[in-house]
Amino acid sequence: MKSIGKIDSISLKSENFEQLFTSDDYIIDGVKSVGVFEPQRWIETFKKRLTKSIVEAKILHTSTGLTIPLKRYNRSPTKQTLDIAGLQGYDEKSEFLNDLLEAHFLEFMECDIKRIDICFDFVKVPKRVIKKLCVKREPFQFRNTTYYKTAKEKKLNQVLDIKIYNKQKEANLSKPLERIEFCFKGAYFPKGMKLKDLDKKFLSKMEKSILNFSGINAKIIPISYI
């Protein structure tokens, strides 16, 4: 039996996302650029610090109350990164994120993939899945999340992260729910691969990777169905 996987987060790269957000529905707020440096506002908004690798940081505010990070990194300063995280969040924010994705769907499809997160939700993640993960990976607990890393992995993995966390607690749900998430990073995809190529070229490869690492017989819902 197939387990349904859904795209929870998308990170994209383009030369300038700001040209998509010029209507009155959007406000772009500079945090780090030439002559501007207000890192505390970034922390207050995203609960994360600005790293030295980020050479430009802006916050996209939408009329629905979303706050989206826009970043440029020192290794590719001509490309701007946009993160849409939480598409499967079981809340109003998730609905607004899906609306944003739909509103700019055609433009986003022409952008380069930086990261795709695939999630599977269970009342409780099956023991057979955890047993399979532990064949080649060690569990590492940090706060609400258990990460599964290989012996060769360091803090960062540029190909794939696997994690399990209590979604009921995170989303304040009334029923028990655990989520396993496979975070496919930039090095997993061919350089310059567009979001429009994900469905027809790469979903089957991602499904095979998930089966190989976890034993989950996955069926990922294509981006065109979100």
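## A buried aspartate and its partner

In this predicted model, D117 is buried, with a relative accessible area of 3%. That value lies under the 20% limit, so the residue is classed as buried. D117 forms a salt bridge with R115, and the closest N and O atoms of the two are 2.8 Å apart. R115, in contrast to a buried residue, counts as partly exposed at 27% relative accessibility.

Side chains of opposite charge can pair when their charged atoms come close. The count for this structure comes to 16 salt bridges.

## A salt bridge between two strands

R179 forms a salt bridge with D121, with 2.7 Å between the closest N and O atoms. This pair links distant parts of the chain: R179 belongs to strand β11 and D121 to strand β7, 58 residues apart. R179 is buried, with a relative accessible area of 0%, whereas D121 counts as partly exposed at 27%.

The pair also belongs to a wider arrangement, since D8, D121 and R179 are linked in a network of salt bridges.

## A salt bridge between partly exposed residues

E38 and R41 form another salt bridge, in which the closest N and O atoms are 2.8 Å apart. E38 has a relative accessible area of 37% and is partly exposed. R41 counts as partly exposed as well, at 22% relative accessibility; this value is not under 20%, so R41 is not classed as buried.

## Aromatic pairs

A search of the whole structure finds 8 aromatic pairs. One of them joins F120 and F182: the ring centres are 5.9 Å apart and the planes stand at 90°, so the pair is edge-to-face. An angle over 60 degrees is what places a pair in that class. F120 lies in strand β7 (residues 112-122) and F182 in strand β11 (residues 178-184), so the pair ties together parts that are 62 residues apart in sequence. Both rings belong to buried residues: F120 has 1% relative accessibility, and F182 has 0%.

Strands β7 and β11 therefore hold both the F120 and F182 ring pair and the salt bridge of D121 with R179. Elsewhere, ring pairs link F184, Y188, F189 and F202 into a cluster.

## Charges over rings

Two arginines are placed over aromatic rings. The charged end of R75 sits over the ring of Y73, at 4.8 Å from its centre. R137 lies over the face of F213, and here the distance to the ring centre is 4.9 Å.

Technical notes: Residues are numbered from 1 along each chain as its sequence is written. This is a predicted model: local features need pLDDT of at least 70, side-chain atom pairs count only at pLDDT 80 or more; totals for chains, interfaces and linings use all residues. Side-chain values use heavy atoms; hydrogens and water are left out. Rings of Phe, Tyr and Trp (its six-membered ring) pair if their centres lie within 6.5 Å; planes under 30 degrees apart count as stacked, over 60 as edge-to-face and the rest as tilted. Helices (H or I, at least four residues) and strands (E, at least two) are DSSP runs, numbered from the N terminus. Buried means under 20% relative accessible area, exposed over 50%, partly exposed in between (1.4 Å probe, protein chains only). A charge sits over a ring if NZ of Lys or CZ of Arg is within 6 Å of the ring centre and within 35 degrees of the ring normal. A salt bridge is a side-chain nitrogen of Lys or Arg within 4 Å of a carboxyl oxygen of Asp or Glu.
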